[in-house]
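Here is a short report for a first-year student. Look at the structure first, then follow the text from the core outwards.

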There are 2 protein chains.
Amino acid sequence: MQRRQYLKTWLREERLQAGIKDMSDQLSRRQLLELVGKAGGSAAVYQVALALGMMPGRAAAERVSVAKAPAGAGKNILLLGAGLANLCIAYELEKAGYQCTFVESSERIGGRSLTLRAGDTVDEIGQPRKVMFDNESHLYFNAGPARIPAHHHLLHGYCRELGVELEWFVNDNRYALTQDDASLDGKPVMIREYMADARGFMSELLAKAINKNIFSEEFSKEDSERLFEFVRRYGDLDEKGFYKGTARAGYASGGMIEPGVKKGPLDFSELLKNNFWKSGMHFPDGESQSAPLMQAVGGNDHVFKAFLPHLKSTFILNAPVISITNTPAGVDVVYSHEGKHKKISADYCFNSIPLPLMTGVDNNFSGKYREGIAKARRGKLTKIAFQTSERFWEKEDIYGGISWTNQPVQQIWYPSHGVYKQKGVMLASYTWSRTNSEAFGRMSPEQRLEDAKQQVSKVHADFPKYVENGVSVVWHRMNHHLGCTTSWSAEDKEKYFKTMQMPDGRHYMVGDQISYHSGWQEGAFSSAHFALAHFNERVHKA
Amino acid sequence: MQRRQYLKTWLREERLQAGIKDMSDQLSRRQLLELVGKAGGSAAVYQVALALGMMPGRAAAERVSVAKAPAGAGKNILLLGAGLANLCIAYELEKAGYQCTFVESSERIGGRSLTLRAGDTVDEIGQPRKVMFDNESHLYFNAGPARIPAHHHLLHGYCRELGVELEWFVNDNRYALTQDDASLDGKPVMIREYMADARGFMSELLAKAINKNIFSEEFSKEDSERLFEFVRRYGDLDEKGFYKGTARAGYASGGMIEPGVKKGPLDFSELLKNNFWKSGMHFPDGESQSAPLMQAVGGNDHVFKAFLPHLKSTFILNAPVISITNTPAGVDVVYSHEGKHKKISADYCFNSIPLPLMTGVDNNFSGKYREGIAKARRGKLTKIAFQTSERFWEKEDIYGGISWTNQPVQQIWYPSHGVYKQKGVMLASYTWSRTNSEAFGRMSPEQRLEDAKQQVSKVHADFPKYVENGVSVVWHRMNHHLGCTTSWSAEDKEKYFKTMQMPDGRHYMVGDQISYHSGWQEGAFSSAHFALAHFNERVHKA
């Protein structure tokens, strides 16, 4: 089954000796470990097992304990940008006795950790505007990060330590809808119906292939029988391996007083025309998208706000950075504030300014560091939210979760909070497509809302009549950000990423942009702790 | 693909005329509707579309509005059993001006809607015992119904109307574990790893079959290409259709500071040996198990408790029923109370006594009604819960949800409430297997706990060291119930169910047992409203 070319050649002999013949091209992890054990002993077994993910414990980001600050010099820390990464760094450094100063270009703390509520300003270049939601605690949306996966250990560690109250976030809602203009005359289909039918059809095909003995060489008779039964259960096929619909799609009628009547299967050819299978169908299986996910109660900005009461730091807001200069003994930073250029010096500097904006900041960094900065690309994501007079989706059995459409709005998010309340704020769009976001960016704010409204109408015909007001956040047009989820091309990442992770002099670039998990809070915390580990070691070596 | 034998013959001609040739044996719902439209017009289209589940709106249980009670006689209603069904009936009848009296055999209201907290009594025959949990609001478990699916409309309607606060219930946790003694040396595997690998292997096999042109007769070239790509995405296969592991399984290492390293796939033969694919793998796709589910905040008994402040009913507790007699003008009931037999008469009676217990109640019902009662089987389910000194599962990235094992405990439930608290109450077992439950029933309470503890240790090796106290609820040994999820054999259900749904004289059997959704709150409400609808009509006809 699976090919492990890199192991095949050198293990062929050992496998034959070990009597592994049952599945011609396959080697189980357990069998592999036995062979490795014979060849290299238990230390080798441990390394290989770890690489194969077989050891207890899971791939964890490591949390650093910063040692007590040295006596005398070396204690003044400058933090450029008051987002999650630097708030976390300040929190850890202050615990160890360091003195921290933030220089933040905008008037607010939190960076892209942005929850929008009544009266907030969307600070878009050239067209700042107020959020018109009613002033109620459940009427908000997270314009920035929104989801907390179970394995984001640093994030969970801080939520636990700082008392951030969490609640579940519905990512996978089988009652939500998928709609594609090319399929089923553009009619929306319940996701659980789409999924159940797609699995049924797939399984039926596979059952047919098994019955034709296509795989007889690969499986023992016993495995082959198990496989057929496995496939039958997988797709809910009948005894002979045919798919005739399943209760998993939800009943067409009955199920309580009358017997449940199955829906007939949708046309498979029509299902294939719906692009849902390209990403939506597997989305809730993603590495950081798997159930269960959580969110902070009352808005995700409660994560960063939980750090604030613990910080003694000075915050200089409305202070865009002009230049950064590594000096023999530290870092000098010039920023503009209240119409004047001001200089501040520190022993070390942690900088979370978005890399695409860093190209406008004078510096004396090394060549490759500068190149890495210049190669970074600004990410382009858009969220468009509406306050509705009714939570109409709940009447359609949709509580939280995401509907999908092939239109530019891409995803429709129903809030995981405020169930049964009169009104709600739903995302008419979360689009991470560069093209779609650029298109929304070119529109006036009014036009964006109008377009989103029309698009959502294909999924929920009555949507416009519930809309009270709306707001769009086009991240590549937001002041002080001009993008989000900064990244490099694969080639550039390979070339520059290690350089960007390391300090240039006493200056560290940090933030989710300096992680493999850009756009996630855990990326920011991971970068922070990676920088802290390096910092901690150098300070105490010196 | 799918066979619709019942349509095939008469539609063959029409299909050929309509030019449907692309998929030899298949008829899409849309195509079907077109043909029906030609033959029978729009009314026929509507009926067929409804039967196929294509109309807007979903299969709903209907809520009855009870008309104002008639003047004079006919207002006195007797309710036997104070569970959800009768509480709901009393609520609706009292709104319409009826007078209700409950006769309940136990000392408590709620029936199987039972949430156990510190100091509660588990009223098992011969061995009542106290729940020893600490007295904290998050230390409880729902011994009875626990889940609220999105499409249980009557239940949602009452929660909304009566202000029952809901929160999400994690049913599908991909970070939870599956363990089977027959597979992988009995080592537990993360569910998302199992699922991702199983899908990968299935998809690889199907890709191979497609490449061998097994299905060329069934698919157009275009569909065939789409299908290959569909399968590739489904299993996260490489370009050529081979499965080499996927990030969906969770990374073995990295993903934040280092690139994510995929886990190598598990051995498919070993996966097939784990019985997880027989039910656990599809469990969260079930008709009433699909995400998202909810639970009542603070314990599921808040659902039934929400009715109480609205009721003016008399509750006679500790009053087991002795006999029920239909009379020309009503129903006479004799019950024992405080050592005496007492008689009460009413115009109508709604009876939710478990059918297996009804065989011990004298009555003058018709022959078939009595037969139906006698044929009902008592369901046997067991829940075993432990209070733990730590929420150790959270350290393993498990927040809520269910782990599976092939051992008698079957399912391990981690609480969806109390995240980050010190202690928790987890279900070491939810077993609905008759055999397993009978075995637990034969053990002493101490032995049940001991057995469950040992079994859970195979999934969580350190489990015993966290255990503080525990409690078992074996439903077929619980006083006043002696079973749960009453049912008939398929044959008997066919023969007797309609009879049991209808009244015998002025006596109605109600409860989840009189629904196709036994064991669910929605079953109880559905039965209640079905009986109310019948009652309402007859009263106003008469």
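A:I89 touches A:L79, A:F350, A:V510, A:A528, A:A531 and A:L532, leaving out residues up to four places away in sequence. Touching, or contact, means that two C-beta atoms, placed from the backbone, lie within 7 Å. The largest nonpolar core has 283 residues, and A:I89, B:I89 and B:L206 touch the most other members. Such a core is a set of buried Ala, Val, Leu, Ile, Met, Phe, Trp, Tyr and Cys residues joined through C-beta atoms within 7 Å. A residue is buried if 20 or more other C-beta atoms lie within 10 Å of its own, exposed if 12 or fewer, and partly exposed in between; here too C-beta atoms are placed from the backbone. In soluble globular proteins, nonpolar side chains tend to be buried together.

This is a predicted model: local features need pLDDT of at least 70, side-chain atom pairs count only at pLDDT 80 or more, and totals for chains, interfaces and linings use all residues. Residues are numbered from 1 along each chain as its sequence is written, while chains are lettered from A and ligands numbered from 1 in the order in which they are written.

**Chain A as a whole**

Chain A has 16 helices and 25 strands. Helices (H or I, at least four residues) and strands (E, at least two) are DSSP runs, numbered from the N terminus. Of its 542 residues, 51% count as buried. Take the contacts in chain A between residues at least 6 apart in sequence: 69% of them join residues at least 24 apart.

**An enclosed strand**

In strand β20 (residues 382–388) of chain A, 7 of the 7 residues are buried, so the strand is largely enclosed by the rest of the structure. A:T382, A:I384, A:F386 and A:T388 point one way, and A:K383, A:A385 and A:Q387 point the other way. Strands pair if DSSP finds at least two bridges between them. The table lists pairings, including two of β20(A).

| Strand pair | Sense | Bridges | Opposite residues |
|---|---|---|---|
| β20(A) and β23(A) (424–431) | antiparallel | 7 bridges | A:T382 and A:T431 |
| β20(A) and β24(A) (467–474) | antiparallel | 7 bridges | A:K383 and A:V473 |
| β8(B) and β13(B) (293–296) | antiparallel | 4 bridges | B:F169 and B:L293 |

**A sheet in chain B**

An open sheet of 3 strands has the order β7-β13-β8 in chain B, with antiparallel pairing. β7 (148–149) and β8 (166–169) of chain B stand at the edges, each with a single partner strand, so one side of each has no neighbour in the sheet.

**Where the chains meet**

How many residues does each chain give to the contact? Chain A gives 91 residues and chain B gives 93 residues. On the side of chain A that touches chain B, α5(A) supplies the largest share, 8 residues. That side divides into 43 nonpolar, 22 polar and 26 charged residues. Ala, Val, Leu, Ile, Met, Phe, Trp, Tyr, Cys and Pro count as nonpolar, Asp, Glu, Lys and Arg as charged, and the others, Gly among them, as polar.

**Two buried residues**

B:S527 is found in helix α16 (residues 521–541) of chain B. B:S527 is buried, with 32 other C-beta atoms within 10 Å. Its contacts beyond four places in sequence include B:A85, B:V510 and B:G511.

A:N300 lies in the loop between β13 (293–296) and α8 (301–305) of chain A. A:N300 also counts as buried, with 26 C-beta neighbours inside 10 Å.
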